[in-house]
Amino acid sequence: QSAFSQKGLKQAMLESETQTQFQKDSILKLISITKNDTLRADLYFEFFELTNQNEWIKYFPLLIKNLDSVLLNKKVSVIEHNALLDRKARALRFYYYYDNSKNGAGSKRGIEKLNEAIKLFKESGSHAEVAQTYVNLGDDYFRQGKLLDQLKILQEGLKYETENKFNRGISRFYVQLQIFYANIGDTTQSLGYFEKAINLEKVIADPTREARGYFLTGLTYSRLMKHQQAIDYLLRSVESFKKENMQQKNRMGESYLLLGDEFVKIKEYDKALTVYQEIIDISTKNNDFRNVFYGTLSKGKAKSLKGEAKEAIQIHNDILKITKEMGAIKDVGKHIYKELAQDHYQAGDYANAKKNMDLALSLSAGSPVLEMYNTEALACKIDSAAHDYEGAYKHYYKTNNLKQQLNNDEVSRLAAKDRFISELNNVKTEQEKQNAINDEEKKKQRVITYSITIGLVLIGVFAIFVLSSLGKSRKANKIIAQQKAEVEEQKHLVDEKQKEITDSINYAQRLQQAILPPKEFISQHVPHNFVLYKPKDIVAGDFYWAESIGNLFFIAAADSTGHGVPGAMVSVVCSNALNRSVKEFKLVETNKILDKTRELVIETFCKNNANVKDGMDISLLCIDKQNKKISWSGANNPLWYVQNKELKEIKADKQPIGKTDDPKPFTSHEIEYKDDTTFYLFTDGLPDQFGGAKGKKFKYKQFSDLLVNNSDLLMQQQVDLMDKTFEEWKGKLEQVDDVCVIGILL
């Protein structure tokens, strides 16, 4: 605290800004009066180091013009010429940074400048800068989702540095390839490049770079949720940084902080606190506020998770005070207020938790999507605990939207990964084909050579025979080659169509998963629950649905017409109709919800006057814990519930959600609210499954016995046993339909 709460800090910062402006003005004045082009170029670069990109870009054309003028001077020495090329390349790379921040990844002008910079760095012999610029270009392709292009650039850079025997550059590309393969989930390749980097770093003998390599491997294992392996490598990273006498503060801090976070994940809170305190002490001595801040923030979080909420609140209030004194609250305040909200929530002080959460949200505009998702989720939990259900719903709604964004981002990432694997396989296939053609040509050449040799030896005896055989052989080879080409073309078309179909279905699966309610949302309202969901194909007609309105919690198991892709399309229509019924039309009675849902489904499918009878069967339950009320309505699917080991059934209305000959209003059933009652909502997939010794249906009697006999088990045990029973009954037979079973214990 003493290192960063000094009263003169703001004044020192103000004086620094004034001094910087004076330096900038002085340099611009010197640029305007000097007649030496080389000196003018040096002054431009000094100016760029003091200014921001928006101010710098105004002078970029003047700098390039100045450098080109000097480079045309034939009196310039080779050494000075190379230095000027290096400066021009740096200027072009600066331009790329500016263009990238303004226009984003993939800007044609920015990438042109970067490629020109690579060419100039190569001419000047600046191997380290070549590596840096290749990495920049690879990162740009990564942000565009062009993983194959990124891989090609990294391999091209590695080849250049290898040809020039520049070990530091080679090691850098090994590390970049390690990260690349970690990002696409290829752990074997990733760790293979790490080993290459570490072995080369032993030759280079740079402990700081070795420490960075250990950190990146720890980060890879952390992303794979392999916490112990992550800890092992992060400990090596920390030890390597200690040997280097605390150089590269930010990177050393990353190793310490991630190590502490890994201990937190495995609930080793005391070890985490020791690590956080060590980086705080080291950073305080080095006047490194960044790592003091994040170390202290993490220390408070670990205290809170350990159950020491009061100590956590004190720690976070102390760092908040210092941050305010330094005028940095707009930059990092959201993190502190969020942790304070969590601390007060842990302590049961929901009023202060809500107050701090509101402050965190007020400073969170423009934050990354995942960060906003976690913040809104915590706000929802706090408002719910404080009985502010309107606020909880507002935050839940935002959380759902953010989750959709995350799902879309994940779909894009997975699509890019799938596209990369497909493109890479195509490249390999083409290479294999080319190799096969080359081998075939070599074989033909050997045959021809042997034939000529034999012909020369036996000339005059077998000449006519050899020439005749050679003609026949060529004709046969030509026919075989034509047939082979036709077969390969047909195979390629089939493979391509198959891939397109599979990719489309996989993408549809991700979209369908987005309509399913998160497990956490269901558990928030009914802590004791399970969901057994087993689609027959990649996508399903069955789905489950949940929503919360005020103190009412709705949950349903639904069976749409069909399964696979057609069933999935119907399920999206039906799920959307349920959402509209409760959100748009504000319906809360289960029978009226089904009435309105049927109306919306029919309206959707009959827009083109086609006689479409698609729809769904459904079991819809509503729980009002506050008023101890339960209601239920069903379309073709019944409700079962177990009390004191006795199964009770409420029969559904014998009509679907969809077009039917004699539609009637759905019935609402009120059920007595009794603790230790287990409700089961289900579709017909499990009872209709063929299997067993005689290949017969499982049937509802065996299904009900399974539920009753195991209703006193924990919910997780019930679903595990049900899943195991289903798989053993099915055996090697094909699954006949989608399966969806929901269990809820009051």
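This passage describes an open sheet in a predicted model, the helices that pack on it, and three individual residues.

Residues are numbered from 1 along each chain as its sequence is written, and the model is a predicted one in which local features need pLDDT of at least 70, side-chain atom pairs count only at pLDDT 80 or more, and totals for chains, interfaces and linings use all residues. Side-chain values use heavy atoms, with hydrogens and water left out.

A good place to start is the sheet itself. Five strands form an open sheet in the order 1-12-9-6-7, with antiparallel pairing. Here, strands (E, at least two residues) and helices (H or I, at least four residues) are DSSP runs numbered from the N terminus, and two strands pair if DSSP finds at least two bridges between them. Strand 1 and strand 7 (646-650) stand at the edges with a single partner strand each, so one side of each lacks a neighbour in the sheet. From one strand to the next, the twist averages 15°; axes are lines fitted to C-alpha atoms, for helices over the stretch in contact, and angles run from 0 to 180 degrees between N-to-C directions.

Strand 12 (residues 739-745) is mostly covered, with six of its seven residues buried, where buried means under 20% relative accessible area, exposed over 50%, and partly exposed in between (1.4 Å probe, protein chains only). Strand 12 is joined to strand 1 (residues 529-534) by six bridges, and the two run antiparallel. Across this pairing, F530 stands opposite G743 and V531 opposite I742. In a regular strand, side chains alternate between the two faces of the sheet. Five bridges join strand 12 to strand 9 (residues 678-682), again antiparallel, with F682 opposite V741.

Two helices accompany these strands. Helix 25 (residues 700-709) packs on the sheet and touches strand 6 (639-643), strand 7, strand 9 and strand 12, its direction making about 35° with that of strand 6; contact means heavy atoms within 4.5 Å. Helix 26 (residues 715-730) lies across strand 1, strand 9 and strand 12, and runs at about 20° to strand 1.

Turning to individual residues, S548 is found in strand 2 (residues 542-549) and counts as buried at 10% relative accessibility. Neighbours within four places in sequence aside, S548 is in contact with Y393, F521, H525 and F553.

K267, in the loop between helix 13 (249-265) and helix 14 (269-285), has a positive phi of about 65° although it is not a glycine. K267 counts as exposed at 64% relative accessibility. D676, in the loop between strand 8 (669-671) and strand 9, is likewise a non-glycine residue with a positive phi of about 65°, and counts as exposed at 60%.
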